[in-house]
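User: Please take a close look at the salt bridges of this protein. I should like to know which side chains take part and how far each is open to the surface.

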Amino acid sequence: MNIAEDILIGTWLQGERLEDLSHVDPKYFEFSAIVRELKRGLPLDDIYLSHKDLRADLIRWTTINAPALYESSYRSLIDQQTRDQVKHTDDLGKIQELIALRDSYFTEPIAGFRDYASSYMNEMKRKETQELIKWDGVPSLQEMTIGLKRKELTAIAARPSVGKSAFALQMAYGAWKQGAKVLYFPLEMSATQTFGRILVKEGYIEPKENQTGKVRDYNKYMLGVDLLNEMEKSGRFLIYEGEGQIEAIEEIIKREEPYLVVIDQLTQMKANVPFKDIRMQFSYMTSNLKRMAMQHNVSISLLCQINRNADNTEPTLANLKESGSIEEDSDNVLLMHRLRPQDVPEERRHLVDWDNIRPMIFNLAKQRDGETGKFDVIFRPARMTFYEEARI
């Protein structure tokens, strides 16, 4: 069944349309074992994890086209099953029963490939008119991805102390400024620290003032307090300090219905199930976050660490810490790399203030349905802000 099989199994693995399984024969699927386990009612997460290495992209088509193509795929399957069953029985009563069952699923004749084409056109039209949130301050990233999209999981990875949290906050705050509702889960930082970083970013206080609490320009500080009051009253920037339980995160997403969810970071997430090792734990988290993004129509950004094998070198997808599931389950993977003095051409080193301006490389190493590539970025820690180098 190829594409149609991906659509059907992917939809069922998301927990949708499971009632249709009662009329499905597993022998019509290349991956019949998955369908048999679905029909037996095994936990969806267990099924996905046990088969993901066999078919890591099962949910690719549902990511792009669901639910537009599900009906066509399911109708084609039922029609094929019914025709085969009718051929192999001489029982007139059974034939009539099969035809009646088939007719109950069809209000119009099957159009074959035309159904797929029509559904795909509808989905493309939806994409054309969808409202997207822009990446704040990084034009090349915006141009390559066209924005932060609902139903997608984006992994942002770097070594410690490179600036992942600062970039995540810039992204979340930028989305709020554009009118989106944002859920922010800082698992290694308090809500107070998060708001302090926003005031530093906007220039209302200096980093030293944020650290010591001693404010020199009280009038400017009070303007910053007004901004925080505005954010609170808007109800669109919600911080859940230290909440890393994946089941709780999903309940909050269902209740709040945000556009963007930012989780900082993967290593601090927990679940109400035991794991044999860290690899299985990460795989469980990423597969469930991808499911949540699709099922609840949100954009999820997840911060991850690069393993130590990449110390002093530019990281690749192979350096994602502990688990290949980060790459497999994510629609986009952004790798952040801070340059060392020796990495910058000698003729340009005099332009860099290493305490206040840190040159970096951003590598969009994976984009499920788009281009990949690298570009130069500057991080200004004194303002907790990233700029594209050519735009400074």
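Analyst:
**Salt bridges and their exposure**

Arg255 has a relative accessible area of 53% and therefore counts as exposed, the cut-off being over 50%. The model in which this is seen is a predicted one. Arg255 forms a salt bridge with Glu256, and the closest N and O atoms of the pair are 3.3 Å apart. Glu256, in contrast to its exposed partner, is buried. Its relative accessible area is 18%, and the label follows because buried means under 20%. This salt bridge thus joins an exposed arginine to a buried glutamate.

A second salt bridge links Lys254 with Glu251, where the closest N and O atoms are 2.9 Å apart. Both residues belong to helix 13, which spans residues 246–256. Lys254 and Glu251 are three residues apart, about one turn of the helix. Here both partners are partly exposed: Lys254 has a relative accessibility of 40%, and Glu251 has a relative accessible area of 44%. These values lie between the limits of 20% and 50%, so neither residue is called buried or exposed.

A further salt bridge is formed by Glu19 and Arg17, with 3.7 Å between the closest N and O atoms. That distance satisfies the rule because a salt bridge requires a side-chain nitrogen of Lys or Arg within 4 Å of a carboxyl oxygen of Asp or Glu. Glu19 is exposed, with a relative accessible area of 53%, whereas Arg17 is partly exposed at 29%. Salt bridges that share partners also bring in Asp20, so that Arg17, Glu19 and Asp20 form one network. Side chains of opposite charge can pair when their charged atoms come close.

By the same rule, the count comes to eleven salt bridges; the pairs described above are among them.

For the setting of these pairs, the protein as a whole has 15 helices and nine strands. Buried residues make up 50% of its 392 residues. The accessible surface comes to about 19,200 Å², and 48% of that surface belongs to carbon and sulfur atoms. Of the contacts between residues at least 6 apart in sequence, 69% join residues at least 24 apart.

Key. Residues are numbered from 1 along each chain as its sequence is written. This is a predicted model: local features need pLDDT of at least 70, side-chain atom pairs count only at pLDDT 80 or more; totals for chains, interfaces and linings use all residues. Side-chain values use heavy atoms; hydrogens and water are left out. Buried means under 20% relative accessible area, exposed over 50%, partly exposed in between (1.4 Å probe, protein chains only). Helices (H or I, at least four residues) and strands (E, at least two) are DSSP runs, numbered from the N terminus. Contact means heavy atoms within 4.5 Å. Accessible areas come from the Shrake-Rupley method with a 1.4 Å probe; for residues, only the protein chains shown count as cover.
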